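Please take a moment with the sequence and the structure before reading on. The paragraphs below go from the whole chain to single residues.

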2 protein chains.
Amino acid sequence: MQQNSLRNLISIIAKLPGLGRRSARRIALHLLQHKELMHKLSESIISTAKEMKFCEICNNLDSVSPCAICSSSTRDKSLICVVEGVADLWALERSRLYNGLYHVLGGTLSAINGTTPESLTIDKLKRRLVSNIGEVIIATNATLEGESTGHYIASLVEKAGIKATRLAHGIPMGAELDHMDDGTLTIALKLRQLF
Amino acid sequence: MQQNSLRNLISIIAKLPGLGRRSARRIALHLLQHKELMHKLSESIISTAKEMKFCEICNNLDSVSPCAICSSSTRDKSLICVVEGVADLWALERSRLYNGLYHVLGGTLSAINGTTPESLTIDKLKRRLVSNIGEVIIATNATLEGESTGHYIASLVEKAGIKATRLAHGIPMGAELDHMDDGTLTIALKLRQLF
């Protein structure tokens with residue numbers, strides 16, 4: 001029924017994060033019915049692949065290396081925020097509240113997936129822990145693996161004589177208690193603060 | 001923060017059905033971190049765009065026109081199943097229960113979207129309603145627009161002196177009543193059958 005080229009396209013699309021066979025079929029059909037979008041997409045993929053590279057300092061994605069953040073003159077160079085991935089860096093940048101540097105780990109430590117400190121950018125981070133750094137904010141995800149990776153990095157940072165902090169845990173703004181999981185409720189109660 | 005080429009790629013991906021900015025960012029990042037997948041995807045898009053065309057008879061997608069179904073010698077040519085889109089045709093083909101021909105409408109009639117019979121393949125369908133056709137199965141979706149399009153086509157088919165049928169409505173196999181909407185429960189009760 002489906003031709004080889006189409007079947008191949010669908011299985012490639014199905015490999016993208018968050019997509020399955022069903023949504024891949026839907027996307028492939030949509031592309032075939034909108035050829036101008038199809039051409040734009042393939043051109044955009046090729047030009048983005050050519051242009052983007054990982055920053056040699058912080059592992060951020062940019063068209064230049066060192067990236068725009070690392071080479072910015074207005075950023076606070078005494079502050080490093082450690083994140084798991086580039087998506088986390090983007091999320092923090094969207095908030096416009098942070099003006100320091102970043103360090104992108106490229107994942108979390110995981111015994112199950114065999115992710116060791118060597119497969120992340122932890123060695124690079126160690127070399128950045130020099131005397132002009134005043135604080136390292138550890139912003140790994142609030143998952144089991146994110147937390148244990150955070151603990152590991154905190155110990156490295158403290159060993160280098162630098163203050164290690166982490167993002168606050170608690171109820172997200174606008175959320176209803178009824179929708180919160182027990183873990184969040186427990187930590188929110190434990191870390192309660194004076195009005 | 002994000003470079004132009006990357007921002008452009010993300011907004012193109014976000015236009016695909018079922019995807020938003022957030023999933024588009026995730027997919028773009030995944031592609032940048034898996035360059036071989038990126039190259040495969042762009043190549044596959046280009047070759048699929050070149051290869052696939054719409055069947056001149058039934059509007060199905062195939063590498064040849066007329067499509068493999070229309071030109072098959074083992075298909076029952078007295079039977080046409082009318083579907084809204086190619087995805088519906090694929091779904092019926094996966095069931096392997098149907099051995100007739102198809103007619104892909106390319107959408108539904110909709111006053112809101114301004115979809116008139118002329119913008120669908122209804123004229124083509126009319127020309128197919130000749131004496132050797134014994135039955136037209138109308139398999140538009142069980143939505144408001146699918147149903148009204150189905151009624152419109154049924155009247156054309158009957159006017160041509162051909163039997164028009166439609167897929168049964170009711171509770172899907174394996175479903176729990178508790179999870180069914182009122183519309184489905186109503187129709188399932190109304191169309192109840194003897195054991």
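How far apart do the C-alpha centres of domain 1 of chain A and domain 2 of chain A lie? They lie 33 Å apart, where domain 1 covers 4-51 and domain 2 covers 61-166, the bounds coming from an automatic or database domain assignment. This is a predicted model, in which local features need pLDDT of at least 70 and side-chain atom pairs count only at pLDDT 80 or more, while totals for chains, interfaces and linings use all residues. Residues are numbered from 1 along each chain as its sequence is written, chains are lettered from A and ligands numbered from 1 in the order in which they are written, and side-chain values use heavy atoms, with hydrogens and water left out.

Chain A contains seven helices and six strands, and these are DSSP runs numbered from the N terminus, with helices (H or I) of at least four residues and strands (E) of at least two. Following the sequence of chain A, one meets the order α-α-α-β-β-β-α-β-α-β-α-β-α.

The overall dimensions of chain A can be described in two ways. Its C-alpha trace spans about 60 × 45 × 35 Å along the principal axes, and its radius of gyration is 21 Å, whereas a compact globule of 195 residues would have one near 16 Å. That radius is taken over C-alpha atoms, and the globule rule is 2.2 Å times the number of residues to the power 0.38.

Of the 195 residues in chain A, 44% are buried, a word that here means under 20% relative accessible area, with exposed meaning over 50% and partly exposed in between (1.4 Å probe, protein chains only). The accessible surface of chain A is about 10900 Å², and carbon and sulfur atoms account for 55% of that surface; such areas come from the Shrake-Rupley method with a 1.4 Å probe, and for residues only the protein chains shown count as cover. Where contacts (heavy atoms within 4.5 Å) in chain A join residues at least 6 apart in sequence, 45% of them join residues at least 24 apart.

Turning to single residues, the peptide bond between Ser65(A) and Pro66(A) is cis, with omega about 0 degrees, and Pro66(A) sits in the loop between strand S2 (61-62) and strand S3 (76-83) of chain A. In chain B, a cis peptide bond with omega near 0 degrees leads from Ser65(B) to Pro66(B), and Pro66(B) is found in the loop between strand S2 (61-62) and strand S3 (76-83) of that chain.

Chain B also holds residues with a positive phi that are not glycine. Asn59(B), with phi of about 75 degrees, lies in the loop between strand S1 (53-54) and S2 of chain B, and Asn59(B) is buried at a relative accessible area of 13%. Arg96(B), with phi near 55 degrees, belongs to the loop between helix H4 (86-95) and strand S4 (100-104) of chain B, and Arg96(B) counts as exposed at 75% relative accessibility.

Two further residues of chain B relate positions along the chain to distances in space. Arg127(B), in helix H5 (residues 122-128), is exposed with a relative accessible area of 63%, and its C-alpha atom is separated by 9.7 Å from that of Ile57(B), 70 residues apart along the chain. Leu191(B), in the segment after helix H7 (182-190) of chain B, is partly exposed at 45%, and the C-alpha atoms of Leu191(B) and Asp123(B), 68 residues apart along the chain, are separated by 33 Å.
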